[in-house]
Amino acid sequence: MNCKICGWEHSPVGGGKKPPADGGACPYKGTAYMGLRAGHDQIYFGRWRRMEANSIDLRRAYHQLQRLLREIAVALEKEDLPAARLDMGKAVEALDAAGPGEEGPEALRHLDHALSYAHRVIGDLLHEKGLSPHSPADFAAWYDAGEVPFREDW
């Protein structure tokens, strides 16, 4: 079920409080580009990044990335950020290379690259507003983050 505040799916795990039905506990509430941040994190913490991921998880991640990139493109229309536009192009390229039904290490690598470029664009948008970059670690309690690869690099 999608959050009424940010529009993306998230819920606390591992002992976190259950969000109220009105969406008042949305962790992104009041943050700039909350929908972009929430979308990024839903993908970042998604099942497709786990060892037991299957083809359905990869297809879901692909479609979630498509949605996120569309939303980022809308936000970029209002900004003059050449570097962000370049990264956006690279994100779209990587997603196209992944393909909606592709599997295996190459598809995973392309999906991961698309997500990384999307993260850079979100960071550029936030920087333009004088804000700190987005950090998924700040929202990890709202996701099953225990098995996300490279978590120790946060």
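Visitor: What share of the contacts in the protein chain with a separation of 6 or more comes from residues 24 or more positions apart?

Guide: They account for 68% of those contacts. Please keep in mind that this is a predicted model.

Visitor: How many helices and strands are there in the protein chain?

Guide: The chain has 4 helices and 0 strands, and reading along the sequence gives the pattern α-α-α-α. Of its 154 residues, 42% are buried.

Visitor: What makes His40 count as buried?

Guide: The relative accessible area of His40 is 2%. Buried means under 20%, so His40 qualifies as buried. His40 lies in helix 1. Leaving aside residues up to four places away in sequence, His40 touches Leu68, Leu115, His119, Ile122, His134 and Pro136.

Visitor: Why is helix 1 described as largely enclosed by the rest of the structure?

Guide: Helix 1 spans residues 34-44, and 10 of its 11 residues are buried, so the description follows from that count. The buried ones are Gly35, Leu36, Arg37, Ala38, Gly39, His40, Asp41, Gln42, Ile43 and Tyr44. Helix 2 (55-76) and helix 4 are among what covers them.

Visitor: Why is helix 1 called roughly antiparallel to helix 2?

Guide: The axes of helix 1 and helix 2 cross at roughly 160° and come within 10 Å. An angle over 145 degrees counts as roughly antiparallel, so helix 1 is roughly antiparallel to helix 2. Their crossing is left-handed.

Visitor: Which residues of helix 1 and helix 2 meet?

Guide: Helix 1 brings Gly35, Leu36, Gly39, His40, Gln42 and Ile43, and helix 2 brings Arg60, Gln64, Leu65, Leu68, Glu71, Ile72 and Ala75. By character, this contact between helix 1 and helix 2 divides into 6 nonpolar, 5 polar and 2 charged residues.

Visitor: What does Leu68 touch, not counting residues up to four places away in sequence?

Guide: Leu68 touches Trp8, Leu36, Gly39, His40, Ile43, Leu115 and Ala118.

Visitor: Which residues have the most contacts inside the largest nonpolar core?

Guide: Those are Leu36, Leu68, Ile72, Leu76, Leu111 and Leu125, in a core of 40 residues. Helix 1, helix 2, helix 3 and helix 4 are the elements that give two or more residues to this core, and helix 2 gives the most, with 9 residues. In soluble globular proteins, nonpolar side chains tend to be buried together.

Visitor: How do you know that helix 3 and helix 4 are roughly antiparallel?

Guide: Helix 3 (residues 82-98) and helix 4 (residues 105-128) pack at an angle of about 160°, and their axes are 8 Å apart. Set against the cut-off, over 145 degrees for roughly antiparallel, that angle makes helix 3 and helix 4 roughly antiparallel to each other. Helix 3 passes helix 4 in a left-handed crossing.

Visitor: What makes the contact of helix 3 with helix 4?

Guide: Helix 3 offers Ala83, Ala84, Asp87, Met88, Lys90, Ala91, Ala94, Leu95, Ala97 and Ala98, while helix 4 offers Ala107, His110, Leu111, His113, Ala114, Tyr117, Ala118, Arg120, Val121 and Asp124. The contact of helix 3 with helix 4 divides into 14 nonpolar, 2 polar and 4 charged residues.

Technical notes. Residues are numbered from 1 along each chain as its sequence is written. This is a predicted model: local features need pLDDT of at least 70, side-chain atom pairs count only at pLDDT 80 or more; totals for chains, interfaces and linings use all residues. Side-chain values use heavy atoms; hydrogens and water are left out. Axes are lines fitted to C-alpha atoms, for helices over the stretch in contact, and angles run from 0 to 180 degrees between N-to-C directions. Angles under 35 degrees count as roughly parallel, over 145 as roughly antiparallel, 65 to 115 as roughly perpendicular and the rest as oblique. A crossing is left-handed if the near helix is turned anticlockwise from the far one by less than a right angle, and right-handed if clockwise. Contact means heavy atoms within 4.5 Å. Ala, Val, Leu, Ile, Met, Phe, Trp, Tyr, Cys and Pro count as nonpolar, Asp, Glu, Lys and Arg as charged, and the others, Gly among them, as polar. Buried means under 20% relative accessible area, exposed over 50%, partly exposed in between (1.4 Å probe, protein chains only). A nonpolar core is a set of buried Ala, Val, Leu, Ile, Met, Phe, Trp, Tyr and Cys residues joined through side-chain atoms within 4.5 Å.
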